[in-house]
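Please open the model in your viewer and show the side chains as sticks. The tour below proposes one selection after another.

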Amino acid sequence: MIQIKRAYEEVKESDGFRILIDRIWPRGMSKDKLKIDLWFKEIAPSSKLRKSFGHNTNRWEEFKINIEMN
């Protein structure tokens with residue numbers, strides 16, 4: 001089963017193999033604290049696309065379309 005969590009959520013033993021999919025390292029998180037097994041930044045949205053989204057939920061549909069095209 002695949003579960004999606006924010007990097008800032010508590011790490012649990014039941015998480016299993018943990019993969020970080022982001023081009024930038026989560027602010028304030030050490031490798032020990034994050035406990036990831038793989039950092040897969042190559043498949044994350046580009047910095048340009050991420051910045052254009054800007055955490056604005058009104059842009060979600062456009063953001064999804066741009067991810068699918070890239």
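A charge sits over a ring if NZ of Lys or CZ of Arg is within 6 Å of the ring centre and within 35 degrees of the ring normal. This is a predicted model, in which local features need pLDDT of at least 70 and side-chain atom pairs count only at pLDDT 80 or more, while totals for chains, interfaces and linings use all residues. Residues are numbered from 1 along each chain as its sequence is written, and side-chain values use heavy atoms, with hydrogens and water left out.

**First selection: Lys41 and Trp39.** The charged end of Lys41 lies over the ring of Trp39, 4.2 Å from the ring centre.

**Add Trp25.** The structure holds one aromatic pair (ring centres of Phe, Tyr or Trp, the latter by its six-membered ring, within 6.5 Å; planes under 30 degrees apart are stacked, over 60 edge-to-face, the rest tilted). The ring centres of Trp25 and Trp39 are 5.0 Å apart and their planes stand at 75°, so this pair is edge-to-face. Trp25 belongs to the loop between strand S1 (19-20) and helix H1 (31-34), and Trp39 to strand S2 (residues 38-39), so the pair ties together parts 14 residues apart in sequence. Helices (H or I, at least four residues) and strands (E, at least two) are DSSP runs numbered from the N terminus. Are these two residues buried or exposed? Trp25 is partly exposed at 26% relative accessible area, and Trp39 is partly exposed at 30% (buried is under 20%, exposed over 50%, partly exposed in between; 1.4 Å probe, protein chains only).

**Next selection: Lys5, Asp15 and Arg18.** There are two salt bridges (a side-chain nitrogen of Lys or Arg within 4 Å of a carboxyl oxygen of Asp or Glu). One joins Lys5 to Asp15 at 3.1 Å, N to O; these partners are ten residues apart, each in the segment before S1. The other joins Asp15 to Arg18 at 2.7 Å, N to O. Through shared partners, the salt bridges join Lys5, Asp15 and Arg18 into one network. Asp15 is buried at 17% relative accessible area, as is Arg18 at 12%, whereas Lys5 is partly exposed at 28%.

**Last selection: Ala44 and Ile24.** Ala44 lies in the loop between S2 and helix H2 (47-53) and is buried, with 5% relative accessibility. Ile24 is 20 residues from Ala44 in sequence and 9.3 Å from Ala44 in space, C-alpha to C-alpha.
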